[in-house]
Amino acid sequence: MVAALELTPSVAVCSFDRAGVVQFCNQACADMLGITVDAAVGQPVASLCSRGVRQAEHDALVEEIWSKGHSPPAGDWQVKTGDGRELWLYSTCIPVWHDGKLAQIFCMDIDITQRRKDFDALQAAGENFHQMFERSSDAIFLLRDGVVEEVNPAALLLFKCEKAERLVGRKLHDFSPMTQPSGELSSEAEARMTDEASRGGNARSEWHYVDCEGALFWAEVLLTAISLDGGKLYYVVVRDISERKRAERALHLAAQVFENSRDAIVLTDRGRRVIALNHAFTVITGFGPKDMLGKPVSLYRSGVHDESFYREVWAQVEAGDHWEGESWGRKRDGALFPCWTSISAIRDSAGRVSNYIGIVTDITERKKSEEHTRHLAEHDFLTDLPNRVLLLDRLRLALAAARRNHAMLAVLFLDLDRFKMVNDTLGHAVGDRLLKEVASRLVHCVREADTVSRQGGDEFILLLSDVAGPQGAAHAAETVLHSLEQEFVLGEHIAHISGSIGIAMFPADGDEIDALLKHADIAMYHAKEEGRNGYQFFSGELNARIVERSGLEQGLRRALAEQQFELVFEPEVDIASGAVVGMEALVRWRHPALGLLLPERFIGVASEAGMMVALGQWVLQEACRCARGWLEEGRELVVSVNLAPAQFVHKDLIDCVGDALRCSGLPAHLLELQLTEAMLMQAGAQTEAVLGKLRGLGLRLSIDDFGTGYSRLGQLKDSPIDKLKIAQSFFDHGTDTTAIRTIIAMARSLDMTVIAEGVETEDQLQLLRELGCDQCQGHLAGNALGAEP
Ligand SMILES: Nc1nc2c(ncn2[C@@H]2O[C@H](COP(=O)(O)OP(=O)(O)OP(=O)(O)O)[C@@H](O)[C@H]2O)c(=O)[nH]1
C-alpha cells in the first residue's frame, strides 16, 4: 500500500501519530510542502504547515478523530507551508487502526490551489457581472427560453415601469408595436433574432419598443445566447437610441431638404468658398458642382449690382448673421433673373462663424404674377388703358417733374359725343368694341411719354407731359378729334363718333391734381355746350387765343388751295440814280372773313403748322412769274424773295428754286434770295453746300436785317453773298449813324451791295447817300405795290 501511495503523483499523503509526529510522507506530499521526505518524517506535523485562522478548527477535528475514531468529511483548507507558500488543499483524514487501537491518522491532500484561483476568479466575475447588471445604464434583460426572467433597474427606467413584475414572465415583443419599422411582425423579428443569436452567439438589431406608458422609442438590441443546463439563456442589452435616431432623422431630413429644395442652396466655408450646392442650384443657374466647388462665391455675381451693394450685404451678415433681399442672379448662359436671396452665417459650438449658407429663390414667376396683378389693378379691363389709379400716380409724378423743371403739363378730358346712341342702336357689345378702338386711336395720337387713360364709360383722360404750351395741347386735341372723325369699322357695323375735349394746363389752370382734373372736366362741358366735336381750354382768355390761332391754321390750310395769298412788291431804289432796280416780294393773305392780313398775323401760325415750305414755294414761284412779266414788259428788275428757315433746311430747296426759275422763264440773275443772319451762321458743311448750290444756279443772295444778328466777318467774307440789307431798326429810334456807317464800310470791303430798309425821310436818304449806301427801300422809295407797278 505504501508503494501505491508513494506512486500517487497527484495525491499528497502523510501520516502522523498521537503525538502529532509525521510517520510517513510520500514524495508528492514532500514536494507540496517544499521539503524532502526525510526532512518531513519525524517532524511535528504542525511545523510543516499551518492552517492560519482555521488552525484551532483543524486541531479540534484531529482530536475528534483520535477520540471517536471515525473520519470527518473531506474539506477545503487553506494552508501555509513552512517555506511561506499559500496553498489550497482538499483534505481527507482517515484513522488507521493497529491491533484494535487507533495508531495513526492518514491525511490525503489534493492541491486545489489553481482550482480555487479559478473559482475565485469565477466568483469575482460573477460578482462583477451582477454589479454590472445592477448598475448598467443600459437596460438588461435575462431571458430563459424566450421569457424574461430578470431585468435590471435601467430596464425598469427605460420602459418606465415601476416593478420588475410587469416585465418578468413576458416576451420581449410584448413591449413592441405589432410591426417593426421594416414592416416585419415584431414577434417574427424577435424569433429571427433569437435564432440568429443561438446559432452565431449573438445578434444585433435596431428595434421599436413601446414603454409601459405607451410611448414608442428606438432602441439598439444586443442579444447574446448562453447555453445553460440544456436550456437557452439570452442576455439582452437594450440601449435607447431615440436621440441618435432623432439626430439621424434630422440629418437625413436636412440632407433631403438640401437636395430636394426647389430653392438654390449654396454652402460656403468661412472664407466664402463654395463647399456644397444642391441640385436646384444647378437647375436654376446652370452652374454645377464642377463649376463652383472650391471657388469664391463672389465669382458668381450677376454684375447688376455694384460693389457697394455687396459691401452692404456682407456688412449686415457680419453684424447680424443674416441678410435677405431682392437682387439679380446670373445664369451660366449669362441670362439674368430676379431672385430673393438670403444669406446666413452658421456658427460652430464655440460661436465662431464656420460657414455661410445662401438660399436663392428664382422669383421670375412671382414677379410676373405680381406684375400681372398690379397691371390688373392699374388698368381698365376693357381697353387695357391705365385706369384712374394709375393716371393719378402718373399725374403726381408728372406734376413733380414739371414743378422741378418749370415745365407745363396738359390734362385733356375727352368724352365721346352721343355715345349712348351707339349703344342703343348697335348694341352694347359694339359699343365696347368702339371704346377699344377709340382707346387704340388715342394712344397713337400722343407721344410715348404721355398717358392715355380710361376713366370709365366713354370718358378718357390724356395727360401730356412737358407740352411746349397751350398750342401743343390744342394740337394734340385736334389730332384726337381728327382721328375720331375717321369712321369706325366694327365687324359688320360702321360707326361715326366725335368727342368733346376739355383742356386744363399746369400751372395756369391749377397746380394740384384735383384742380386740374376738375377744370379739364368743366372745360369739357363747355366744349359740349359749344356744340360738341371740339375742344375748350379752361381759361377763357387762353381759349380765345387758341381758338383764333386754330381758326387761322385751318384757314391757312385752305388758303393755298383757294388762292387767298397775294404778293405785293416793295421797290428797291438806286440812291445815286433814283431808278428802281429791284422789287422785294411780300406776301399778304386775303382772308375771306378778316380781310387782308399782314405776314405778322399768320407767318408764326404757318411755321408752327409746318406750312412754310409750301407757302414759301408758292411765293417763290409767284415772284418769279411776276418778275418774268416785268421783263417781258421791258423792265429788268431783280425780284427778291425771303427764304423761311424751314425752306432753307429743306432737302428739296435747290430743286424748288430751279423749278421756279424754269417754270417762270426768269433769268436766274434777276432772282435774289434773302437769307437771315441766323441761317448763314449755322456754320457747317451743309450750309456751305446749300449756299454754293444756290449760287451755282446763278441767282443772287442777300442778307436781310443785317446788323441784328451775330455775323462773323470771317464767315461773311467766305460766303457767296452779294448784298447786305441794313436792318430797319437802325432808323427806328433816331438814326444809328455809327452802325450804318460800319455796315456800309464792311459791305464795301467785302465788295457787296448795301441797301437800307425802311427809309422814311429825306434826311435819312441824304445821310445814306453821304455814307455811300447803294440802294434804299421804304416809304420814300415807294410803298409796296401790287404785281403791276
Ligand atoms: N358699351 C359700353 N357702354 C358704356 C360703358 N360704360 C358706360 N357706357 C355707356 O356710355 C354712355 C355714356 O353716355 P354719356 O357720356 O353720359 O352720354 P353720351 O351719350 O355720350 O352723350 P354726351 O356725352 O352728352 O355727348 C352711357 O350710355 C353708358 O351706359 C362700357 O363699358 N361699354
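**Ligand shell, sheet and cores**

Biologist: Which element gives the most to the shell around the ligand?
Modeller: In this predicted model, 15 residues surround the ligand, Asp417, Phe419, Lys420, Gly431 and Gly457 being the closest. At least two residues of the shell come from each of β17 (408-416), α15 (419-426) and α16 (428-445). The element that gives the most, with four residues, is α16.

Biologist: How many residues of the shell around the ligand are charged?
Modeller: The shell divides into three classes, of which the nonpolar and the polar hold four residues each. The number of charged residues is seven.

Biologist: Which strands form the edges of the sheet?
Modeller: Five strands with mixed pairing make up an open sheet, in the order β18-β19-β17-β22-β23. An edge strand pairs on one side only. This holds for β18 (451-456) and β23 (534-537).

Biologist: In β19, which residue is the bridge partner of Ala410?
Modeller: β17 and β19 (residues 459-467) run antiparallel and are joined by eight bridges. In β19, the partner of Ala410 is Leu464.

Biologist: At about what angle to β22 does helix α17 run?
Modeller: Helix α17 (residues 470-485) lies across four strands, namely β17, β19, β22 (499-506) and β23. Its angle to β22 is about 160°.

Biologist: Which helix gives the most to the largest nonpolar core?
Modeller: This core has 64 residues, and those touching the most other members are Ala623, Cys624, Val639, Ile726, Val754 and Cys776. Among the contacts of Val639 are Ala623, Cys624, Cys626 and Ala627. With seven residues, the helix that gives the most to the core is α21 (residues 612-632).

Key:
Residues are numbered from 1 along each chain as its sequence is written. This is a predicted model: local features need pLDDT of at least 70, side-chain atom pairs count only at pLDDT 80 or more; totals for chains, interfaces and linings use all residues. A nonpolar core is a set of buried Ala, Val, Leu, Ile, Met, Phe, Trp, Tyr and Cys residues joined through C-beta atoms within 7 Å. A residue is buried if 20 or more other C-beta atoms lie within 10 Å of its own, exposed if 12 or fewer, and partly exposed in between; C-beta atoms are placed from the backbone. Two residues are in contact if their C-beta atoms, placed from the backbone, lie within 7 Å. A residue is near a molecule or strand if its C-beta atom, placed from the backbone, lies within 6 Å of it. Ala, Val, Leu, Ile, Met, Phe, Trp, Tyr, Cys and Pro count as nonpolar, Asp, Glu, Lys and Arg as charged, and the others, Gly among them, as polar. Two strands pair if DSSP finds at least two bridges between them. Axes are lines fitted to C-alpha atoms, for helices over the stretch in contact, and angles run from 0 to 180 degrees between N-to-C directions. Lists of a residue's contacts leave out its neighbours within four places in sequence.
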